[in-house]
Amino acid sequence: MSRIRCLVRGIDLKSLLLCFVLIPLCIFGVYLHGQKITYFLRPLWDRPPKPFTEITHYYNENVTMETLCKLHGWGIREYPRRVFDAVLFSNEVDMLQIRWNELYPYVTQFVLLESNSTFTGIPKPLYFAINRDKFKFIEPRLTYGTIGGRFKKGENPFIEEAYQRVALDQLLRIAGIEEDDLLIMSDVDEIPSRHTVDLLRWCNDIPPVLHLRLRNYLYSFEYHVDDNSWRASIHRYKPGVTRYAHFRQTDLLLSDAGWHCSFCFREISDFIFKMKAYSHTDRVRFSHYLNPKRIQDIICEGTNLFDMLPEEYTFREMIGKLGAVPRSYSAVHLPAYLLQNAEKYKYLLPGNCMRGSG
């Protein structure tokens, strides 16, 4: 007993507090906010990518195409290139309608691949097939394909995504794409403006690959995040060389070339589906992230669905984007079909953050 008394007397109260209170609290704090800590420290462990060489984009509806090509340093063609718009489709029916109506005048062939699996291996209906009647206007120009998912649980979602993009390469060949045709590579919600596509199909000597700088929106066209969306690209197709991808493929970036509306869904159920289905599903760290009321509140606040800090490479840029995305009251220079059908797509316009339950 005397030994035990000596041992107890030798234990410092501060040490006990550290071992049994502070350390567990720190571990719990890291568990809850580890992702935020990592993102906040990103400027210390990660370097920004090489800057793009940005190309000035000239456009006015009253300027001739010959003049526009000349302003870009390009010549004018005798006839326009053919254009192929190729997408992987999940469940973005409304955004696909807006996209295809925007591009309809200048696209030769619409190419769409749909899987019965999400990138995360969850079975899903063939939503495009179910809603195909809504797209009768492009039916004569449509090449539609389906692919069976591999349903491998626990696999990196980007592997399934890459598998589907390889299948889209094959579908493009079935659609009849040929050398020097223009190929648009972008997600459904990354929409090039029609005048951008028209410019590139008419001008000679354009670069073989161009990334497109898109206006970046969140949840609707009310929340303008920035103008830094760049993954969409347009290619002069080269057989055996051009591969469908969604990463950086050139240093050239055409300014102000369209819109990217991320998580722009009509129903709360669509948000939940996307959060569980897309390649970054690891961001759903806690089950309450999928709570419908929480999602609705976040949409109306303009904050982050995944409770993440901004993905920036400098502390200045990160701090500048902290908090909610400021509301925009501008509906100028949005896709024409969206404004022509404003009542149908009211939820995408400023002042209409409430969503259906789905």
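Two exercises with worked solutions follow.

This is a predicted model, in which local features need pLDDT of at least 70 and side-chain atom pairs count only at pLDDT 80 or more, while totals for chains, interfaces and linings use all residues. Residues are numbered from 1 along each chain as its sequence is written, and side-chain values use heavy atoms, with hydrogens and water left out.

**Exercise 1.** Find which elements give two or more residues to the nonpolar patch.

*Solution.* Begin with the members: I37, L41, L44, W45, F315, I319 and L322 form this patch on the surface, and together they have about 690 Å² of accessible area. Such a patch joins nonpolar side chains (Val, Leu, Ile, Met, Phe, Trp, Tyr) within 5 Å, from residues with over 30% relative accessible area and no salt bridge; the areas come from the Shrake-Rupley method with a 1.4 Å probe. The elements sought are α3 (42–45) and α11 (315–320), where helices are DSSP runs (H or I) of at least four residues and strands are runs (E) of at least two. Finally, L322 sits in the loop between α11 and α12 (336–340).

**Exercise 2.** Determine which parts of the chain are linked by the salt bridge of R213 with E54.

*Solution.* First, a salt bridge places a side-chain nitrogen of Lys or Arg within 4 Å of a carboxyl oxygen of Asp or Glu, and the structure holds 23 of them. Next, in the bridge between R213 and E54 the closest N and O atoms are 2.7 Å apart. The pair links distant parts of the chain, since R213 belongs to the loop between β7 (209–212) and β8 (214–218) and E54 to strand β1 (residues 53–55), 159 residues apart.

Terms used. Patch = residues over 30% accessible without salt bridge, like charges linked within 9 Å, V, L, I, M, F, W, Y side chains within 5 Å.
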